[in-house]
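Reader: Please take me through one part of this model in close detail. I would like to follow one helix pairing and what sits at its end.

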Amino acid sequence: MLGWRFSENPSRCYHSGYEASYEKTLQHMGDTNETWQAFRATILEGATLERIAAIRGGLPARCIALVAQELRTTQEEICAMTALAPSSIRRKVLEDSLCEPWATERIARLVVIDRLALEAFESQPVARAWLKTPHRALDGTSPLNMLDTDLGMQLVIGLLQCLIYGEPS
């Protein structure tokens, strides 16, 4: 039954139907690639409450390697971009545990920015090269290195929207 559920932690109030649905999805996925693709699809195409449930549910740490592979970068760079400790990720992979919601949300940022860059450049290699290139508008920092904060993500989204829709008047 769908309904709002409140936990003992006041910051954990969520719609139980979406949370349960995401948890069931993770339970049935043993394959890391399948899990990553389901998370990615939820972040890019899911309803807002589904995306929130996916973030709160946590991304399995073993998926970080696929994130790095997809973005043509290293796990260490993913950790730097998202302010995750590499030792923490290694431990979580060994324990086969989930990333915390705050870490999962930062991975979700990468997914969103990657999609926007693809929309702006219409070529995955060009989009990913742009994401790694330092830009004057970002004070000489690459867009991917701005994603460790929400404000940095907003700046990168603004740049990409300018490329997609044209300069604001």
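Author: A residue counts as buried when its relative accessible area is under 20%, and as partly exposed between that and 50%. W130 has a relative accessible area of 13%, so W130 is buried. F121 has 24%, so F121 is partly exposed. Keep in mind that this is a predicted model.

These two residues belong together. The model holds two aromatic pairs. One of them joins F121 and W130. Their ring centres lie 5.5 Å apart. The planes meet at 45 degrees, and the pair is tilted.

F121 also leads to the helix pairing. Helix α7 spans residues 101-121, and helix α9 spans residues 150-165. Their axes come within 9 Å. They cross at roughly 15 degrees. Angles under 35 degrees count as roughly parallel, so α7 and α9 are roughly parallel to each other. The crossing of α7 past α9 is left-handed.

Now the residues in that contact. From α7 come R109, V112, I113, L116, A117, E119, A120 and F121. From α9 come D150, M153, V156, I157, L160, L163, I164 and Y165. By class, 13 of the contact residues are nonpolar and three are charged. No polar residue takes part.

So F121 has two roles in this picture, because the ring pairs with W130 at centres within 6.5 Å, and F121 is also listed in the contact of α7 with α9.

Notes. Residues are numbered from 1 along each chain as its sequence is written. This is a predicted model: local features need pLDDT of at least 70, side-chain atom pairs count only at pLDDT 80 or more; totals for chains, interfaces and linings use all residues. Side-chain values use heavy atoms; hydrogens and water are left out. Axes are lines fitted to C-alpha atoms, for helices over the stretch in contact, and angles run from 0 to 180 degrees between N-to-C directions. Helices (H or I, at least four residues) and strands (E, at least two) are DSSP runs, numbered from the N terminus. Angles under 35 degrees count as roughly parallel, over 145 as roughly antiparallel, 65 to 115 as roughly perpendicular and the rest as oblique. A crossing is left-handed if the near helix is turned anticlockwise from the far one by less than a right angle, and right-handed if clockwise. Contact means heavy atoms within 4.5 Å. Ala, Val, Leu, Ile, Met, Phe, Trp, Tyr, Cys and Pro count as nonpolar, Asp, Glu, Lys and Arg as charged, and the others, Gly among them, as polar. Rings of Phe, Tyr and Trp (its six-membered ring) pair if their centres lie within 6.5 Å; planes under 30 degrees apart count as stacked, over 60 as edge-to-face and the rest as tilted. Buried means under 20% relative accessible area, exposed over 50%, partly exposed in between (1.4 Å probe, protein chains only).
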